[in-house]
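Biologist: Let us go through the labels one by one. I ask what earns each of them, and you answer from the values.

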Amino acid sequence: MAKRQNKIRTEFRKNRTPKARAKEVARGYLRGEEHQDAQQRDERVSGKGELTRKRTVVGEAADVERGGLGVLPDIDKTQCLFGRVLSVFGLTSAVQADDGRVFHCSTRRILKTLSTDQRHVVAAGDRVWFLPGGDDEGVIERIEPRTHLLCRTSKRRQHILVTNVDQLLIVGSAAEPYLKPNLIDRFLLCAEQGRMRPLIIINKVDLIEPADLMPLSGVYARMGYAVHLVSAATGAGIAALRRALQGHASAVVGQSGVGKSSLLNAIDPQLRLKVGAISEENQKGKHTTTTARLSPLAPGGYVVDTPGIRQFQLWDTIPAEVIGFFRDLRPYVNLCRFPNCSHTHEAECAIKNAVADGRLDARRYESYCQLAAGVLE
Ligand code: GDP
Ligand code: ZN
């Protein structure tokens, strides 16, 4: 795709009041910074008042679809390093450069100004260009467009947990705790919605007769999902899982106690995650962390394993969309009598017919009903 390199008129963040802006300009001017900054960044401030204030930035126009900024400012790539944001704490981001070094970076002011509707300009997972300064410090100059977005809703706002995660590791256990297929379906819906490749991982197969899982894993395998039957205890299936993670950024989800930490340790012993730790999500009254952290894997790739990740919500899913994320049920939708069929109470419903005569898995249909109802709430 040709680069759209030009001057871009862009809006200021809406919640900035003119008064605050004026004060900052004055303060910067007194320090002689504003002038210098404007020259360096090739940007001009124009317009007055809240509605007309816009700014011209030199750079490429970008897609804002996934919560990114509408502009990719021009940067000097001979001075900057490329890296991946591992975590964000307040105003500082830990960025791992391609050579493996980790830098603690602040964010260039222009990026904050360009951000119109986000609480956090930089998110874990972002691919960024940053200007190194000092031993392990730097300034993020540009955020590359995001390919994926994992969000959670809090106080009716979309909160970005992590970006550019292309795989979702859905972990369940064959026993202790017993398998919850409906929870797997729920996470599959999240993966489909976030356009992540889901891997269904059933751990603790040492505790059962693996053949007992075949009917269930068959249902998923027929839909084209990768299913891994593994045991962190015996090492069964771990090598294949390690290969599946190489070169990807994968988020790990699943209820506590299924063996997520044990599995990640088995894949990369250097992670040294605490096994059997009571996860923060269970500690009532304690403020749970919602910021995600990427852990680099020795064989290549990253994993994200954060309590906040495990509770992420379906963002902006309307009930009518739920069916579209069920790969197995979806092909029947056009055969329903009513175009707005909800596939629940309608008499002449192709999906219900297919369930009745065994062409569709009844349990998957139940999951659909639960999720469609849950989203309605
Ligand atoms: P997490 O909460 O999902 O991170 O689960 P943990 O990794 O902390 O493991 C919970 C418990 O399950 C621990 O007591 C582990 O020793 C145990 N466990 C983990 N993987 C296996 C496995 O493959 N087989 C058996 N039998 N136990 C396991
Ligand atoms: Zn129907």
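**A buried strand and its sheet**

Modeller: Strand β12 (residues 167-173) is largely enclosed by the rest of the structure, because 7 of its 7 residues are buried. This is a predicted model.

Biologist: What makes a residue of β12 buried?

Modeller: The cut-off is under 20% relative accessible area. Gln167, Leu169, Val171 and Ser173 on one side of β12 are buried, and so are Leu168, Ile170 and Gly172 on the other, because each counts as under that limit. Both faces of β12 are therefore covered.

Biologist: Why are there two sides to list?

Modeller: In a regular strand the side chains alternate between the two faces of the sheet.

Biologist: How do you know that β12 pairs with strand β13 (residues 197-203)?

Modeller: Pairing needs at least two bridges. β12 and β13 are joined by 7, and they run parallel. One of the partners is Asn203 in β13, bridged to Ser173. Between these strands the chain passes through helix α5 (residues 181-193), and the β-α-β crossover is right-handed.

Biologist: Why is this crossover called right-handed?

Modeller: Point the strands away from the viewer. The path from the first strand over the helix to the second then runs clockwise, so the label is right-handed.

Biologist: What makes strand β15 (residues 249-253) a partner of β12?

Modeller: They share 4 bridges, in the parallel sense. The threshold is at least two, so they pair. Leu168 has Ala251 of β15 as its bridge partner.

Biologist: Which strands make up the open sheet, and in what order?

Modeller: The order is β14-β13-β12-β15-β17-β16, 6 strands with mixed pairing.

Biologist: Why are β14 (226-229) and β16 (294-296) called edges?

Modeller: Each has a single partner strand, so one side of each is left without a neighbour in the sheet. For β14 that partner is β13, parallel over 4 bridges. Ile202 bridges to Leu229 in β14. Helix α6 (residues 214-222) packs on the sheet and touches β13 and β14. The direction of α6 makes about 155° with that of β14.

**Rings**

Biologist: What makes Lys180 count as a charge over the face of Tyr178?

Modeller: Lys180 is at 5.7 Å from the ring centre. The limit is within 6 Å, with an angle limit of within 35 degrees of the ring normal. Lys180 lies over the face, so it counts.

Biologist: Which residues do ring pairs link into a cluster?

Modeller: Phe326, Tyr365 and Tyr368. Rings pair if their centres lie within 6.5 Å. By this rule the count comes to 4 aromatic pairs.

Terms used
Residues numbered from 1 in each chain as written. Chains lettered and ligands numbered in written order. Predicted model: local features only at pLDDT ≥ 70, side-chain atom pairs only at ≥ 80, totals over all residues. Heavy atoms only, no water. Phe/Tyr/Trp six-rings, centres within 6.5 Å; stacked < 30°, edge-to-face > 60°. Buried < 20%, exposed > 50% of the residue type's maximum accessible area, 1.4 Å probe, protein only. Helix = DSSP H or I, 4+ residues; strand = E, 2+ residues; numbered from the N terminus. Contact = heavy atoms within 4.5 Å. Axes fitted to C-alpha atoms, helices over the stretch in contact; angles between N-to-C directions.
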